[in-house]
Amino acid sequence: MRILAIETSCDETAVCVIEAEGDFGHDFTFKILGNALLSQTEIHAPYGGVFPNLAKREHEKNLVPLLTEALTEAEMLQEGGGDTSTLAATLAREQELLPLLTAFLEKYGKPEIDAIAVTHGPGLEPALWVGVNFAKALADAWKLPLVPVNHMEGHIVLSACEQEKDNDQYSRLKKFKFPLLSLLISGGHTELVLSKEWMRYQILGQTRDDAVGEAFDKVARLLGLPYPGGPEISKLATEAREQNLPRTVELPRPMIDTDDYDFSFSGLKTAVRKVVEAHGPLTESVNMEIAREFEDAAADVLIAKTMRAIEEFDAQSILVGGGVSANTNIRNQLASSIKDYGYGTKLLIPPPELATDNALMIALAGYFRALKKEFAEPSMIRANGNLKLTQ
Ligand code: KG4
Ligand code: ZN
């Protein structure tokens, strides 16, 4: 089965084509045929975070060039236009996208794909709608079924996959057992999710305020660092460790001892603000110390709750997903805590370059949903900023 996937939930516009076969537990393999991504981070940097209407406009501008790029790479772009009579109605709210997609569909014919997968939530609704309406327009023009995908499920499925060592084009699922505990850490989410079966989820706990990635971004801003803050904080924290700077900054570990699986990161950000205000002008070494202590505080809380959930639910495999799982310190600390825990508990972690948003993760989750025939009537698919993972 060939899947074309579209991701526009936040500030990455991405299109991917995969060819996959098999099922979970039955020789699942896939090949990436075409993969294109454009990050808007530089455009949002002056705002210190993602500006939803700007993201919407950028997705509108970039989707057709990225679709062209992905299909070209997949060698699926063929001359021969089709019917565009219903496009104007489908893209009534995407006036910048409309002429670009009209020109594309007048020039190129239907590629050899079997279904279109699209992120319909969670995320920023104005951004999500662009991808959803784009997918509806393509499905309509090419008479293809549509699979709505939960973005968080995309992060999970991607972390569960690996590439074969001897052939980097063909990839498969890692070997793991249930219960599977997933720690999802991104710009919009901090969740601990339990799966007793493939693609079924019970949310054990989540953040009560800011997501951990959001805290990284806000703390970076307090330190005068550009958006996105995660990689910037990580760089400074690593330097602080390498230089073995003294520990003069102390930050709280919010909710580390509470008897639940919820998180809270806004207090941590406020604590950083107080340290910054007390310090006067920030020197490079104070910045490094704050970054290291903040990263340690976030890692401590994430790991303490994850370890407690492993024990309570007897999790056999632990999965980490989402942009913050690119963080070296969090990856290393989690890996060593799980190793110390013993029992051969397995850690599933994405390659750092695929931890942040991309369309491959949507193609993979879309494939498994398509196998279950979870297609949706185009008129029934709505962008849902608060979409939850379900049982
Ligand atoms: O999954 P993602 O790309 O988008 C959402 O679904 O939200 O995650 C983006 C988040 C941003 O907050 C970014 O600062 C954070 O992931 N991030 C990192 C690192 N790389 C990206 N946080 C900590 N360390 C990193 N190396
Ligand atoms: Zn994400």
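Which residues come nearest to ligand 1? In this predicted model, 19 residues lie around ligand 1, and Gly187, Asp217, Gly323, Asn327 and Asp357 come nearest. The report below describes this site, the zinc ion beside it in the text, and the helix H6.

**Ligand 1**

Ligand 1 occupies the largest pocket. Helices H6, H7 (212-222) and H8 (229-242) each contribute at least two residues to the shell around ligand 1. Three side chains place a polar atom opposite an oxygen or nitrogen atom of ligand 1, as listed here.

| Residue | Atom of ligand 1 | Distance |
|---|---|---|
| Histidine 151 | oxygen | 3.2 Å |
| Aspartate 217 | oxygen | 2.7 Å |
| Asparagine 327 | nitrogen | 3.0 Å |

Taken alone, ligand 1 exposes 550 Å², of which the protein buries 90%.

**The zinc ion**

The zinc ion (ligand 2) is coordinated at 2.1 Å by His151 through NE2, His155 through NE2 and Asp357 through OD. Along the chain, these donors of the zinc ion follow the spacing H-x3-H-x201-D. Histidine 151 belongs to helix H6 (residues 151-159), whereas aspartate 357 lies in the loop between strand S12 (346-348) and helix H12 (360-371), so the pair ties together parts that are 206 residues apart in sequence. An α-helix has 3.6 residues a turn, so residues three or four places apart point the same way.

Two of these coordinating residues can be placed with respect to the protein surface. Histidine 151 has a relative accessible area of 6% and is therefore buried, the cut-off being under 20%. Aspartate 357, with a relative accessible area of 12%, is also buried. Both residues recur at ligand 1: aspartate 357 is among the residues that come nearest to ligand 1, and histidine 151 has a polar side-chain atom 3.2 Å from an oxygen atom of ligand 1.

**Helix H6**

Helix H6 is mostly covered, with nine of its nine residues buried. Among them are the zinc-coordinating residues His151 and His155, together with Met152, Glu153 and Gly154. The N-terminal end of H6 is capped by asparagine 150, which has a side-chain oxygen 2.8 Å from the backbone nitrogen of methionine 152.

**Aspartate 210**

A further buried acidic residue, aspartate 210, is found in the loop between strand S10 (202-206) and H7. Its relative accessibility is 8%, and aspartate 210 therefore counts as buried. The side chain of aspartate 210 forms a polar contact of 3.3 Å with the side chain of lysine 269. Helix H7, which follows this loop, is one of the helices that supply at least two residues of the shell around ligand 1.

Terms used: Residues are numbered from 1 along each chain as its sequence is written. Chains are lettered from A and ligands numbered from 1 in the order in which they are written. This is a predicted model: local features need pLDDT of at least 70, side-chain atom pairs count only at pLDDT 80 or more; totals for chains, interfaces and linings use all residues. Side-chain values use heavy atoms; hydrogens and water are left out. Donors are N, O and S atoms within 2.8 Å of the metal (3.2 Å for Na, K and Ca); water is not among the atoms, so sites may look incomplete. Helices (H or I, at least four residues) and strands (E, at least two) are DSSP runs, numbered from the N terminus. Buried means under 20% relative accessible area, exposed over 50%, partly exposed in between (1.4 Å probe, protein chains only). A residue is near a molecule or strand if one of its heavy atoms lies within 4 Å of it. A polar contact is a pair of N or O atoms within 3.5 Å; within protein, one must be able to donate a hydrogen and the other to accept it, and residues adjacent in sequence count only if both atoms are side-chain atoms. Accessible areas come from the Shrake-Rupley method with a 1.4 Å probe; for residues, only the protein chains shown count as cover. On a 1 Å grid over the protein atoms alone, a cavity is a set of points where a 1.4 Å probe fits but cannot get out, and a pocket is an open set with protein on both sides within 12 Å along at least five of seven lines; lining residues have an atom within 4 Å of a point. A molecule sits in a cavity or pocket if more than half of its atoms lie within 2 Å of its grid points.
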